[in-house]
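Biologist: I would like a close look at a single part of this model, namely the sheets of one chain and whatever surrounds them. Could you take me through that part slowly, in a way that a first-year student can follow?

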Amino acid sequence: MRIFVAGIRKLLRRPATFVTLGLLVGLLGLILIAVSATAGQRTGRAAQESLLLVTFPGAYSLILSFILGLGGLFAVIYGAAIAGSEWTWGTLKAAVARGESRSGYQLLSFAAIVVMVGVGLVLALAAGVVVAIIGANIAGVSTAGLNDTETLGKMPELMARAWLAIVEEGALGFAIATLARSQLAGIGAGIGVYFGEQFASIFLPDIVKYLPFNAATAVVATSGTGGPGGGAIARLEPNVALLVVVAWLMGALLVTAIFTERAEISG
Amino acid sequence: MTNDGLALATRGLQKRFGTRPALAGLDLSVPSGVVYGFLGPNGAGKTTTMRLLTGLIHPDAGTIEVLGRSFGRADRHRLFEVGALIESPSFYPYLSGRDNLRALAATGAPTGPGRIEELLELVGLRERGKDKVQTYSLGMKQRLGIAAALLSDPRLLLLDEPANGLDPAGIVAMRETLRHLAAQGKTVFVSSHVLGEVQQLADVIGIIAAGRLVREGPIDQLLLGEGAVRIRVELAEVDAARTALVPLVGDAMVEAIAGDDGWLAVHIAATRASEVNRALAQAGIYASALEAGNDLESLFLELTRGEAGASHEGTFFGLAGSNDAPPPRSGAADASTGGPS
């Protein structure tokens, strides 16, 4: 528990936490405002589709889907940065030399990331909704659907699913950086895996839906294209995707724990 | 394995990295309540030993005993009574010194209330405790590293090059702190390249070369037992001086030290330096300098000479431990004014 609380404290002071959240919210806001501001220049179906992003209640799930898609890349980078820095800065070494459990330290450090991802998700969604309201006003779209009880009733479940999906993506970054034993190599490899999965969709369209980032995107059922691969890849059914995501999450944490236990720590 | 009275013991410790042996059967015996100086040339296996002693890596063969109890993969709790500073200090650069100690205190053995402030005061970082570590100098990071090693008030302290980056006042303060800890019954195991520092600090030393312990014992005994008296005479008088000294110690015990500067080494107990001086004077030869006893540097070079080629990093420009090394100067005294020191 001490390590978990210390982990939260460390992440709260860590610049990467705020940079990651800031980038996500900034990009989300930029796209929503840009879509709203240029909607008037389009006509017909194109205008209607672009305005879906700022039309409530559908905007809720579209914003969440967008966060899930872009957040996946940020999550893998964030997870890799946190795990990799423990090796690069030698702080894991210091903890182990004090008699701390290797896998316990790593898993409790990741538990702190899980909390931060949850907080970040809520903040990003809140910021996205605020920007979408502003965008709706710019585009002259009604915000009457903002209080749609049916949609709002589903949001906790959708949020929980999205949280789990982003946590899985963060766990992948965490595991990759642990294997790489380096912050920079971990981030680089994490980004490589993320884009490699998208690239694989060209050759392995039937398999790629089971891969971690695509499965994570499919966990929240939306009609949007915010996730990696967009709508070109066949998606898993949300509940199946949830199981696949849990399997990837467990696998990533298992790899992290086993590798850390067996690693020869130097540097 | 039980080694009563030892804070730390290793028996037949072996470790390889690939095909390269780092330790080839290391037998260390570190008594409790002393400052133990762990010396060796680059690549001799010092840091590998430190990593093994803190469970960062695991031995291929051999045993480790920490504070009287066996230490293996499943015995990480033994380290609750050990404080360590291995290689460079490890901190989160974006956190303050104080917050780094708090983060570290969340691991391993519990840390008493007020301990962090006490340690920041001890290492002279109380005023800078709120500043981020990335703004610290090398010496300040080193001091914080020493504070981190002391967090859980350990019975055994393992320090790798603790004087690294410290200013002279910091070195003196560190030495006093470590001596104070030893006086309290704690054991301090210090790996260092700074031989003069170890000579001032350690009660017992161990010298490692090519992964093996080549000498271990109380520093005073080692320096006296391995003693030599070094004299410097006019170049033209070297042969005459040698002839004058042979009756005192025998032919094989007088040798010229490398270089054409008139230094001779007489292998005789340091306490008999005056006899050497007298024998020379009786032969009408007056030494321009005389050094009595062995210093740690010459002992170190003597013991690790020949092992350097077997060590993993070689020697600096091929000079260390060679016969071309200049004679030691520590303890030198002008024979005409001060006599043997």
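Modeller: What follows is a walk through the sheets of chain B, then the core, the contact with the other chain, and a few single residues. Please keep in mind throughout that this is a predicted model.

Let us begin with the chain as a whole, where the secondary structure of chain B comes to 10 helices and 15 strands. Of the 341 residues of chain B, 46% count as buried. If we take the contacts in chain B between residues at least 6 apart in sequence, 71% of them join residues that are at least 24 apart.

One sheet of chain B is open and has six strands, which follow the order E6-E7-E8-E3-E9-E10 with mixed pairing. Its edge strands in chain B are E6, residues 82-85, and E10, residues 212-218, and each of these pairs on one side only. Going from one strand to the next, the twist averages 15 degrees. Within this sheet, strand E7 (residues 156-160) and strand E8 (residues 187-191) of chain B run parallel and are joined by five bridges. If you would like one pair to find on the screen, look for Asp160(B), whose bridge partner in E8(B) is Ser191(B).

Helices lie against this sheet as well. Helix H4 of chain B, residues 138-149, lies across E6 and E7 of chain B and runs at about 165 degrees to E6(B). Helix H10 of chain B, residues 296-304, packs on the sheet too, where it touches strand E3 (35-39), strand E9 (204-209) and E10 of chain B, and its direction makes about 35 degrees with that of E9(B).

Two loops that follow strands of this sheet hold residues worth finding. Glu161(B) is in the loop between E7 and helix H5 (168-183) of chain B, and although Glu161(B) is not a glycine, its phi is positive, at about 50 degrees. Is Glu161(B) buried or exposed? Glu161(B) counts as buried because 20 other C-beta atoms lie within 10 Å, and the cut-off for buried is 20 or more. Ala210(B), in the loop between E9 and E10 of chain B, is a residue other than glycine that has a positive phi, near 50 degrees. Ala210(B) has 22 other C-beta atoms within 10 Å, and therefore Ala210(B) is buried.

The other sheet to look at is an open one of four strands in chain B, in the order E2-E1-E4-E5, with antiparallel pairing. Strand E2 (20-31) and strand E5 (69-70) of chain B are its edge strands, each pairing on one side only. E1(B) is joined to E2(B) by nine bridges, and the two run antiparallel. These two strands, E1(B) and E2(B), form a hairpin with two residues between them, and in the turn Gly18(B) has a positive phi of about 70 degrees. Strand E1 (residues 6-17) of chain B is also joined to strand E4 (residues 61-66) of chain B, by five bridges, and here too the strands run antiparallel. Ala9(B) is a helpful residue to follow, for Ala9(B) stands opposite Ser29(B) in E2(B) and also opposite Glu65(B) in E4(B). Another pair is Gln14(B), which stands opposite Ala61(B) in E4(B).

We can now turn to the nonpolar interior. The largest nonpolar core has 89 residues, of which Ala147(B), Val188(B), Phe189(B) and Val190(B) touch the most other members. H4(B) gives the most to this core, namely six residues. The core also draws at least three residues from each of domain 1 (6-223) and domain 2 (227-333) of chain B. What does Ala147(B) contact, if its neighbours within four places in sequence are left aside? The residues in contact with Ala147(B) on that basis are Leu101(B), Leu119(B), Leu120(B), Leu122(B), Val123(B) and Leu125(B).

Finally, chain B meets chain A in a contact that takes 25 residues from chain B and 23 residues from chain A. On the side of chain B that touches chain A, the largest share, three residues, comes from helix H2 (residues 97-105) of chain B. The residues on this side of chain B divide into 15 nonpolar, seven polar and three charged.

Note on methods: Residues are numbered from 1 along each chain as its sequence is written. Chains are lettered from A and ligands numbered from 1 in the order in which they are written. This is a predicted model: local features need pLDDT of at least 70, side-chain atom pairs count only at pLDDT 80 or more; totals for chains, interfaces and linings use all residues. Two strands pair if DSSP finds at least two bridges between them. Axes are lines fitted to C-alpha atoms, for helices over the stretch in contact, and angles run from 0 to 180 degrees between N-to-C directions. Two residues are in contact if their C-beta atoms, placed from the backbone, lie within 7 Å. A nonpolar core is a set of buried Ala, Val, Leu, Ile, Met, Phe, Trp, Tyr and Cys residues joined through C-beta atoms within 7 Å. A residue is buried if 20 or more other C-beta atoms lie within 10 Å of its own, exposed if 12 or fewer, and partly exposed in between; C-beta atoms are placed from the backbone. Domain bounds come from an automatic or database domain assignment. Ala, Val, Leu, Ile, Met, Phe, Trp, Tyr, Cys and Pro count as nonpolar, Asp, Glu, Lys and Arg as charged, and the others, Gly among them, as polar.
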